[in-house]
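Me: I'm new to reading protein structures, and I'd like a close look at one small part of this one. Could you start with the whole protein and then walk me to a charged spot on its surface?

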Amino acid sequence: MKKTLALVVLTVLMLTGCGGKQSTATATGTATATAVAAVADTVTVPSVLGLTLDKATEQLEDLGLEVKAKDTVDDKSIFSKKNWQVTSQDTAEGAQVAKDSTVHLGVKSLEKIAAEKAAADKASADKAAAEKVTGDKAAAEKAAADKAAADAAAAKLAAEQAAAQQAVPQAPVQQAAPQVPVAPAPSSVQYANCTAARAAGAAPIYAGAPGYGKHLDRDGDGVGCDK
């Protein structure tokens, strides 16, 4: 603002000159005073977007501006300014306006803002949950498809191996020939009686020994010529 005031004074001096008659000096002084007064009655409008209405009103009124606020959502009456937030202003930030000018503000209740935020958060959470369900379902379907493919590949491999085994001729299993009991070869030594056996030094003669015969074992105890 000081720069603007100096510029106005300098402009007036250049137009009128510094060394004129008394009337010229008087006119110059009058013009300068008028310009200074005009600049002094001008203020720069700040941005009050995002502030609560009570803070915005205080800031603008401190600059000598009038404030009018309106609910831009539900057109409700405004009672407690601290419960409202500024969402728009008709005079842009940085604009030069005269004192006592009116700045119109659009406001929204903090309750409305909180409800909108809660709704947005819920919508975001619902979307995330739906995306998770979709992702889990896709993952489950992929896992099932992968398992089915693996099972099919395993079954195919088993079938191929079984077919390969059937194609190879199997050697016949040789069964062992039944063993035929071999009868003991008849002894070539024979004794007519125990006297002959004793004479040959073979008595007593046990069953299975050369020369044994039942005619030598009258009592059938398996020992011939024992008496």
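Reply: Happy to! Of the 227 residues in this protein, 17% are buried. Keep in mind that you are looking at a predicted model. The accessible surface comes to about 16,500 Å², and carbon and sulfur atoms account for 59% of that. The secondary structure adds up to 5 helices and 7 strands, and along the sequence they follow the pattern α-α-β-α-β-β-β-β-α-α-β-β. Among contacts between residues at least 6 apart in sequence, 54% join residues at least 24 apart.

Now for the charged spot. On the surface there is a patch of negative charge where Asp41, Glu58, Glu61, Asp62, Glu66 and Asp100 gather. Helix α3, which covers residues 53-62, gives the most to this negative patch, with 3 residues. Glutamate 58 has its place in helix α3. Its relative accessible area is 45%, so glutamate 58 counts as partly exposed, the class between 20% and 50%.

Let's move on to another member of the patch, glutamate 66, which sits in strand β2, residues 66-71. Glutamate 66 is partly exposed too, because its relative accessible area of 42% falls between those cut-offs. Leaving aside neighbours within four places in sequence, glutamate 66 is in contact with Asp100, Ser101, Thr102 and Val103. One of these, Asp100, also belongs to the negative patch. Finally, look at lysine 99: 33 residues separate it from glutamate 66 in sequence, while their C-alpha atoms are 8.4 Å apart in space.

Key
Residues numbered from 1 in each chain as written. Predicted model: local features only at pLDDT ≥ 70, side-chain atom pairs only at ≥ 80, totals over all residues. Heavy atoms only, no water. Helix = DSSP H or I, 4+ residues; strand = E, 2+ residues; numbered from the N terminus. Buried < 20%, exposed > 50% of the residue type's maximum accessible area, 1.4 Å probe, protein only. Contact = heavy atoms within 4.5 Å. Areas by Shrake-Rupley, 256 points an atom, 1.4 Å probe, with all protein chains shown as cover. Patch = residues over 30% accessible without salt bridge, like charges linked within 9 Å, V, L, I, M, F, W, Y side chains within 5 Å. Salt bridge = Lys/Arg side-chain N within 4 Å of Asp/Glu carboxyl O. Lys, Arg positive; Asp, Glu negative; His and termini not counted. Charge placed at Lys NZ, Arg CZ, Asp CG, Glu CD.
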